[in-house]
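The following exercises treat domains, symmetry, helix packing and backbone geometry in turn. Each task is followed by a solution in steps.

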Number of protein chains: 2
Amino acid sequence: MPRASHRPRLVDVAQHAAVSLATASRALAGREGVSTEVADRIRQIASELGYVANPYARTLASGATSTVGLIVHQVDDPYFSEIAAGVIQLAAEQGLLVQICQSGRDPGYELQQLRHLIAQRVGIVLISGSGYDDPRMESAARAELDAFQDHGGRAAAIGRHALGVDAVLPDNEAGGHALGQHLMDLGHRRIAVAAGSAGLTTVADRLAGVSSALRQRGRSPADLVVVHSDFTRGGGRAAAEQILNEHPETTAIVALNDVMAMGVLSTLRSRRVPVPARMSVVGFDDVSVAADLAPSLTTIRLPMTEMGRTALTLALKPRTTRPRRRPTGHLLIVRDSTGPAPRT
Amino acid sequence: MPRASHRPRLVDVAQHAAVSLATASRALAGREGVSTEVADRIRQIASELGYVANPYARTLASGATSTVGLIVHQVDDPYFSEIAAGVIQLAAEQGLLVQICQSGRDPGYELQQLRHLIAQRVGIVLISGSGYDDPRMESAARAELDAFQDHGGRAAAIGRHALGVDAVLPDNEAGGHALGQHLMDLGHRRIAVAAGSAGLTTVADRLAGVSSALRQRGRSPADLVVVHSDFTRGGGRAAAEQILNEHPETTAIVALNDVMAMGVLSTLRSRRVPVPARMSVVGFDDVSVAADLAPSLTTIRLPMTEMGRTALTLALKPRTTRPRRRPTGHLLIVRDSTGPAPRT
DNA sequence: CTAGGGTACGTAAGCGCTTTCGTAAGCGCT
DNA sequence: AGCGCTTACGAAAGCGCTTACGTACCCTAG
């Protein structure tokens, strides 16, 4: 077999510099034990030769990987693509490579992807998406991550907790609360929630926030109509259909993320329900298109790109005994999809 | 140093099966020279042990990589995220891993990312984005890809040609033509184009299509107002501003991609120009949010996700002497952002 | 002048695979 | 019985790095 690569190897650099492999390796790794002049000469020659270390050989020898695995639900969901953008940005700055996987919102498949990434010996695992209420759902993933970290891997979660790893977490409950308050302030009393799949912590937290806002104003959370479907545009459409059919008195719909809100708006448009005159709609996340929807969407802004960066930053730091939790800010963005409740 | 990994190695499998390393390797790779019974026993044991080959060792030994590098402009641009989704999908089906890079629309940085990917010894490179009119801009990338392919790498381009590699290519000119025709049919005579950066082949091709539609109807393409900015939302806003200020007689704006169209619509909204009553707007690509914009966008549909899959499929096939070009379909989608030209 | 201790560098043993080559066994044929 | 051929497997040489360990050298102190 011919040489796998035509690229210069470390021996080539070492020969040109008339030093041993060990010295060349040390010099390029910036480790000590090499005089400054020799190190400079080696680096000089390496760059002249266009030498770049073979990461496979390097990893095999040292066990230290420089690739980070990122698990998202769907890269073409704007929430996740903004997170991914942040991760990839920072990774590029750090000279790391990002391997990306889609779990397709399926916990079983997600676990499989996680195992695959770990089996591929990535050094860092970043996992986004929502956690599950049922601890049994998370325990397998958690065990996997624990073992991974015990053997020197690093992991961080984005927007999900209960995984026993560092996490960057938006305050979903406070965000939901702000949305609830905003709608109450506008006089809405018949509020429905288009929720993602039941059993997701993100859903539970955001919902709890909305409920608490109602309770704070002396209204029973039982009045809140909650329709579960999933965190997709189609899920939003389905939820809106159900709300319109079964609860025609509703004057405001809280979609628990922007993508669902897009579906909700779409259904309202095709049903010719004027927004916000007849129905107010709010979302959550403030994905970049939220401002361009018809009408532009009132929502809670989350700094997704920054969340991605922060998660990688956390994973890059040495592990602490207790998992860290980094909160993110959130902000109510009022746009044109909300207005005063229609008089009855 | 402790063993880098706690995972079972090939020796472990071999020992349990009481065979040599070579036999175990052959059996798991499905290569011949192993009796069926022995091979089955080895596979059985491997799966019991949860053995997964160390890709670093495997690649180092064989030179065959199983990771594909994908270069996009920005993952949070919906056009690219849909392409990425397709690539990642198919890669997962094939057991390949995807390393993703953002070039940030900067040709220099893109070249750097390309070199980086190749230096990282990916086996397949997929490059998306637009090519450049100036052949000198592409020659460096082309040389890099040529050398890469000569040494056994495989590459494919998505939506760009002139790279000397297999490519999946939408018919940008025909799409532009369809848009031009559509607007002419609606009676528009004062048409402006919000174009991406000058020098991009995508821009030139789509523009040529629009011009040819005008010419076909006996109008001079010189009448076409072309404003160059870039393929972003901000670029669309800027272009729209300029068009409104310098060419107030315009009744239709062709944005050369949907993301720019979003910016155009945003500007028109803030300037209170009614769409389509006073101004028609069209985009290009049909990203998934195009239907949810205000108003929903008339555009040319491109099968981005499928384009991603096709590109990977091409790269997976053995290389042919001449680069293949796989065309993609396109389709005019008429929505609410276009209407009859206002009477003057 | 020698012992002791750094410092700078080289030697060589892996990391966990793949693959070439060698060998032994089994087969049919003359 | 002897030959060549095929088949099934093992031994061992790498792939291109990192790093523990060894060694030569120089400097300072006694």
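**Exercise 1: The annotated region and the domains**

UniProt, in an unreviewed entry, places the feature "domain: HTH lacI-type" at residues 8–62 of chain A; UniProt positions follow the numbering used here, feature names are shortened, and annotations may be inferred rather than shown by experiment. The model is predicted, so local features need pLDDT of at least 70 and side-chain atom pairs count only at pLDDT 80 or more, while totals for chains, interfaces and linings use all residues. Residues are numbered from 1 along each chain as its sequence is written, chains are lettered from A and ligands numbered from 1 in the order in which they are written, and side-chain values use heavy atoms, with hydrogens and water left out.

Task: describe the secondary structure over residues 8–62 of chain A, and state the domain assignment of chain A.

Solution.
1. Over residues 8–62, chain A is 71% helix and 0% strand. Helices (H or I, at least four residues) and strands (E, at least two) are DSSP runs, numbered from the N terminus.
2. The end C-alpha atoms of this stretch are 20 Å apart.
3. Chain A is assigned domain 1 (10–62), domain 2 (67–170 + 305–328) and domain 3 (172–302); such bounds come from an automatic or database domain assignment.
4. Taken over C-alpha atoms, the centres of domain 1 and domain 2 of chain A are separated by 33 Å.

**Exercise 2: The two copies**

Task: determine what turn and shift lay chain B on chain A.

Solution.
1. Two copies of a chain are related by a rotation about an axis and a shift along it.
2. Here a turn of 180° with a shift of 0.0 Å along the axis lays chain B on chain A at an RMSD of 0.1 Å. The superposition is by least squares on the C-alpha atoms of residues with pLDDT of at least 70 in both copies.
3. This is therefore the relation of a two-fold axis.
4. The same surface serves both copies, since 100% of the contact residues of chain B recur in chain A; contact means heavy atoms within 4.5 Å.

**Exercise 3: Helix packing in chain B**

Task: classify the packing of H2(B) against H3(B) and of H1(B) against H2(B).

Solution.
1. Helix H2 (residues 21–29) and helix H3 (residues 36–49) of chain B pack at about 85°, with axes 9 Å apart. Axes are lines fitted to C-alpha atoms, for helices over the stretch in contact, and angles run from 0 to 180 degrees between N-to-C directions.
2. H2(B) and H3(B) are therefore roughly perpendicular; angles under 35 degrees count as roughly parallel, over 145 as roughly antiparallel, 65 to 115 as roughly perpendicular and the rest as oblique.
3. H2(B) contributes B:Thr23, B:Ala24, B:Ala27 and B:Leu28 to the contact, and H3(B) contributes B:Val38, B:Ala39, B:Ile42, B:Arg43 and B:Ala46.
4. Helix H1 (residues 10–17) of chain B packs on H2(B) at about 105°, with axes 9 Å apart, and the two are therefore roughly perpendicular.
5. In that contact, B:Leu10, B:Val11 and B:Ala14 of H1(B) meet B:Leu21, B:Ala24, B:Ser25 and B:Leu28 of H2(B).

**Exercise 4: Backbone geometry**

Task: locate the cis peptide bond that ends at A:Pro276 and the positive phi of A:Ala18.

Solution.
1. The peptide bond from A:Val275 to A:Pro276 is cis, with omega near 5°.
2. A:Pro276 lies in the loop between helix H11 (258–270) and strand E9 (280–282) of chain A.
3. A:Ala18, although not a glycine, has a positive phi of about 55°.
4. The loop between helix H1 (10–17) and helix H2 (21–29) of chain A holds A:Ala18.
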